Amino acid sequence: MVNISIKNNKLMNTNFLKPKNSLHPEFWSGGALVDEISKLLEQISRDIIESMNIEVEVRDIVITGSIASYNWHDLSDIDLHIILNFEDIDENFELVKKMLDQSRINWNKTHDIMIKDHEVELYFQDANERHESNGVWSIISDTWAQEPEADQSDLDLRSTEKKAETLAKAIDYIAQLFSKGEYSDAHKYATKIKSKISRMRSTGLSREGMYSPENMAFKMLRNSKYLEMLSSLKIEAYDQLMTLSEVYIKDYFNDRQDPEYLKFEGQYDPDSLMDPDIDAPWGEVEKEDV
């Protein structure tokens, strides 16, 4: 048995990546998704679309990823994909994608739904998008859109560990930047690393499939919550950047104790300051020549 030690103790070792001899027994029976689970996932999907108040046809609802293949493990998420034609919502594809991505992030952050001790992770997928996965089960059709295959491929665990370790260190560095108040650098670097991880996984899947070192490194980062950490850092760094100026203005006025700056305190109300016919407490302001 291969047992590679991960230097960064937040990353788990790679034994969980080894494929199993059967599908997850609590989710699959006779090669089909357990009916009770199927109905629950469909109801969740319908509730999500209804809550978003958008008029769009749901083309399919599928579960995919490790829970729908032979490389499931105790920390596998239930990757629930709601498939829509994004252009049915608006012709601006990129705008729709950003809106749905943000809705997905918000839903995943505010909901913690567990089925058989596995967390439901929501995704929106465009109907025209090609999805690379070993197993894809259609909840609406109640059949495999892509039936998984038991693959006993040898895993390049050394390359997997190296890639995951390098990216984990980069994400730890972003956390350090954020903790020091360097929000601009944290946001820029987080954006860069997210793009790098996305390209890395896409390249690995297209070249070697789901057992490529790049895809396995992605799974390690996801299961050790590093990807969640990266997304949160990017969002929080952006929020801090957008509120920084306001904070400084508030601090400037709230902390100013010089009586010269407070001598008009209590001599006016906000409505009077907005009325052009009423002089300010400190006298009439000179009007510029028009």
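Leaving aside its neighbours within four places in sequence, which residues is phenylalanine 124 in contact with? In this predicted model, where local features need pLDDT of at least 70, side-chain atom pairs count only at pLDDT 80 or more, and totals for chains, interfaces and linings use all residues, phenylalanine 124 is in contact with Ile48, Ile49, Met52, Ile82, Leu84, Phe86, Leu100, Ser103 and Arg104, contact meaning heavy atoms within 4.5 Å. Residues are numbered from 1 along each chain as its sequence is written, and side-chain values use heavy atoms, with hydrogens and water left out.

**Sheet**
- Six strands (DSSP runs of E, at least two residues, numbered from the N terminus) form an open sheet of mixed pairing in the order 5-6-4-3-7-8, where pairing requires at least two DSSP bridges between two strands.
- Because strand 5 (114–115) and strand 8 (143–146) stand at the edges with a single partner strand each, one side of each is left without a neighbour in the sheet.
- Strand 4 (residues 78–84) pairs with strand 6 (residues 118–126) in the parallel sense over seven bridges, and isoleucine 83 stands opposite glutamine 125 in strand 6.

**Helix on the sheet**
- Helix 3 (residues 93–110; helices are DSSP runs of H or I, at least four residues) packs on the sheet, touching strand 4 and strand 6, and its direction makes about 170° with that of strand 6, with angles running from 0 to 180 degrees between N-to-C directions of axes fitted to C-alpha atoms, for helices over the stretch in contact.

**Nonpolar cores**
- A nonpolar core is a set of buried Ala, Val, Leu, Ile, Met, Phe, Trp, Tyr and Cys residues joined through side-chain atoms within 4.5 Å, buried meaning under 20% relative accessible area (1.4 Å probe, protein chains only).
- Of the 33 residues in the largest core, Trp28, Leu41, Ile63, Leu84 and Phe124 touch the most other members, while the largest share, six residues, comes from helix 1.

Definitions and conventions
Buried < 20%, exposed > 50% of the residue type's maximum accessible area, 1.4 Å probe, protein only.
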